[in-house]
Amino acid sequence: MKKMNLLKSLFVTVFVFAANLTVFASNPETELIYNTEEIDGVKMSETVYKMDEGILTNFEKYNYKYNDKKQVVENVLQKWDEGRGTWRNHMCIKYTYNENSTKIQYYKWNKNKKDYILVPEMTVTMDM
């Protein structure tokens, strides 16, 4: 049951991640390389590099937080800012669990407010 809950909660994360990858699907010369960091078998972060014509560059970075049941409670996406040479906040997905449902909320980074802003129309509640 715990694995099923984790799988359901990761569904939206995978969907958003896949949507980001479609940008590169049309360019056969671009390859994405993944470096996953795990602690005790739990994914803590994943850095995605872009291989383009033999050059490997930073692209995206995902950082995960978990509750005591090893359920994802937060997934933060950062994108590489080549001009500044640093990771820039892009979005955050927060998960709230109860006995009968999982609530998934999408937040977009607002650089003027320097904070994540909820995008209510992207909030999803999945019944278990």
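Which side chains meet in a salt bridge at 3.6 Å, N to O? They are those of aspartate 81 and arginine 84, and this report starts from that pair.

## About the model

This is a predicted model, in which local features need pLDDT of at least 70 and side-chain atom pairs count only at pLDDT 80 or more, while totals for chains, interfaces and linings use all residues. Residues are numbered from 1 along each chain as its sequence is written, and side-chain values use heavy atoms, with hydrogens and water left out.

## A network around aspartate 81

A salt bridge here is a side-chain nitrogen of Lys or Arg within 4 Å of a carboxyl oxygen of Asp or Glu. Aspartate 81 takes part in the bridge to arginine 84, and aspartate 81 also forms one with arginine 88, where the closest N and O atoms are 3.5 Å apart. Through these shared partners, Asp81, Arg84 and Arg88 are joined into one network.

How open are these residues to their surroundings? The terms are buried for under 20% relative accessible area, exposed for over 50%, and partly exposed in between (1.4 Å probe, protein chains only). Aspartate 81 is partly exposed because its relative accessible area is 21%. Arginine 88, at 33%, is partly exposed too, and arginine 84 is exposed at 59%.

## A bridge between two strands

The whole structure holds five salt bridges. One of them links lysine 79 and glutamate 60, with 3.3 Å between the closest N and O atoms. Lysine 79 lies in strand β4 and glutamate 60 in strand β3, so this pair ties together parts that are 19 residues apart in sequence. Strands, for the record, are DSSP runs of E with at least two residues, numbered from the N terminus.

Is each partner of this bridge buried or partly exposed? Glutamate 60 is buried, with a relative accessible area of 0%, whereas lysine 79 is partly exposed at 26%.

## The β1–β2 hairpin

Strand β1 (residues 30-39) and strand β2 (residues 42-52) run antiparallel and are joined by ten bridges. Strands count as paired if DSSP finds at least two bridges between them. Within this pairing, threonine 36 in turn faces its partner across the strands: it stands opposite glutamate 46 in β2.

β1 and β2 form a hairpin with two residues between them. Aspartate 40 sits in the turn, and its phi is positive, at about 50°.

## Two lysines with positive phi

Two loop lysines deserve a look at their backbone angles. Lysine 70 has a phi near 60°, a positive value in a residue other than glycine. Lysine 70 lies in the loop between β3 (55-66) and β4 (72-81) and is partly exposed, with a relative accessible area of 47%.

Lysine 114 is found in the loop between β6 and β7 (115-118). Its phi is near 55°, again a positive value in a residue other than glycine. With a relative accessible area of 65%, lysine 114 is exposed.

## Serine 101 and its contacts

Where does serine 101 lie? Serine 101 belongs to strand β6 (residues 101-110), and serine 101 counts as buried because its relative accessibility is 13%.

Contact means heavy atoms within 4.5 Å. Setting aside neighbours within four places in sequence, serine 101 is in contact with Thr96, Thr125, Met126, Asp127 and Met128. For aspartate 127, which is 26 residues from serine 101 along the chain, the C-alpha atoms of the two are separated by 4.2 Å.

Technical notes. Helices (H or I, at least four residues) and strands (E, at least two) are DSSP runs, numbered from the N terminus.
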